[in-house]
Amino acid sequence: EEGLLGEGGEPGALALAAGFLLTEGLIDAMGDVASMAVCPDSANVVKVHLVDPARAHSTRRSGVVASSCGMCANVDGLVEVGGGGLRVANTLVLGAAQVHQHMRTMRARQAIFARTGGTHAAALFDADGALLALAEDLGRHNALDKVIGHCLLHGVPSAGGCVLLSGRVSLEMVTKAARAGIELVAAVSAPSSMAIDTARHVGITLCGFVRGDRLTAFCHPERLKL
């Protein structure tokens, strides 16, 4: 369906790269990218040149973007990522029933999961409830980067929106959402304690256990209407 990410291929690779650049703090907008292209001999390699190459050397990570849990082995970066001056706006208001509807929309469109049972998904919605992007990936972090990157590539603002996730929520996923200006993160499973602390710090409404007609709001519930 137009506007949504499909499985694999060049669009997914470019969206993943763009989203990763933004959520890792390497860029603030696509204007910071001089060029970006999938390597002709490997659809899994994206070559990026930044307008300011020095910025690449300031990142805490480099190398392969894997499908594992982003920062599980990177203890040194936890304080930096969880803290800092990140703070999202406070413009989003939506009903709890709408969060459940967004979750149903995402689950109904998880085509790869329906066939394999082996992928995670992320779905990004704007403040009016329109689905902006949906992506699936073996990794939770990659699915989130893909939807953020898709919006970035197409000039669609992600700020002020909400994202639905198919798994648990880690500290890093909250930080990625904050860097994209996303105001509400809702997941089918649990958040970690550090994810809750970080969401509280950056001003994100964090919901877990979005199942059936119930959810748990762990912080900033003021954006939710009954």
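A residue is called buried here when its relative accessible area is under 20%, and by that cut-off 49% of the 226 residues of the protein chain count as buried. The model is a predicted one, and its chain contains seven helices and 10 strands. Among contacts between residues at least 6 apart in sequence, 53% join residues at least 24 apart. The accessible surface of the chain comes to about 10700 Å², and carbon and sulfur atoms account for 54% of that area.

The interior can be approached through its nonpolar cores. The largest of them has 42 residues, of which Leu 165, Val 169, Val 185 and Ile 204 touch the most other members. A second core, separate from that one, is made up of 17 residues, including Leu 94, Cys 162, Ala 186 and Val 210.

Leu 165 is a useful place to begin within the largest core. This residue belongs to strand β6, which covers residues 162-165, and because its relative accessibility is 2%, Leu 165 counts as buried. With residues up to four places away in sequence left out, the contacts of Leu 165 include Met 103, Met 106, Ala 121, Ala 122 and Leu 144, and also Val 185, Ala 186 and Ala 187. Its C-alpha atom lies 9.1 Å from that of Leu 124, although the two residues are 41 apart in sequence. Val 169, under the same exclusion of residues up to four places away, touches Val 185 and Ala 187 as well, along with Arg 140, Val 174, Ala 190, Pro 191, Ser 192, Ala 195 and Leu 206.

Two of the residues that Leu 165 touches, Met 103 and Met 106, lead to helix α3, which spans residues 96-108. Its 13 residues reach 19 Å from the first C-alpha to the last, close to the 18 Å expected at 1.5 Å a residue. Met 103 and Met 106 are both buried in this helix, as are Ala 96, Val 99, His 100, His 102 and Thr 105. An α-helix has 3.6 residues a turn, so residues three or four places apart point the same way.

A polar part of the interior can be followed through Arg 223 and Thr 205. Arg 223 sits in the loop between β9 (214-219) and β10 (224-225), and it counts as buried because its relative accessibility is 2%. The side chain of Arg 223 reaches the backbone oxygen of Ala 89 at 2.8 Å, and its contacts beyond four places in sequence include Val 88, Asn 90, Leu 92, Glu 183, Ile 204 and Thr 205. Thr 205, for its part, is found in strand β8, residues 205-211, and is buried, with a relative accessible area of 0%. A polar atom of the Thr 205 side chain lies 2.5 Å from the backbone oxygen of His 220, while the C-alpha atoms of Thr 205 and Ile 182, 23 residues apart along the chain, are separated by 9.3 Å. Besides Arg 223, Thr 205 is in contact with residues that include Glu 183, Val 185, Cys 219 and Pro 221.

The last feature to consider is aromatic. The structure holds one aromatic pair, formed by Phe 209 and Phe 218, whose ring centres are 6.4 Å apart and whose planes meet at 45°, an arrangement classed as tilted. Phe 209 is partly exposed, with a relative accessible area of 33%, and Phe 218 is likewise partly exposed, at 27%.

Note on methods: Residues numbered from 1 in each chain as written. Predicted model: local features only at pLDDT ≥ 70, side-chain atom pairs only at ≥ 80, totals over all residues. Heavy atoms only, no water. Helix = DSSP H or I, 4+ residues; strand = E, 2+ residues; numbered from the N terminus. Expected span 1.5 Å × (residues − 1). Buried < 20%, exposed > 50% of the residue type's maximum accessible area, 1.4 Å probe, protein only. Core = buried A, V, L, I, M, F, W, Y, C linked by side-chain atoms within 4.5 Å. Contact = heavy atoms within 4.5 Å. Polar contact = N/O pair within 3.5 Å; in protein donor to acceptor, adjacent residues only side chain to side chain. Phe/Tyr/Trp six-rings, centres within 6.5 Å; stacked < 30°, edge-to-face > 60°. Areas by Shrake-Rupley, 256 points an atom, 1.4 Å probe, with all protein chains shown as cover.
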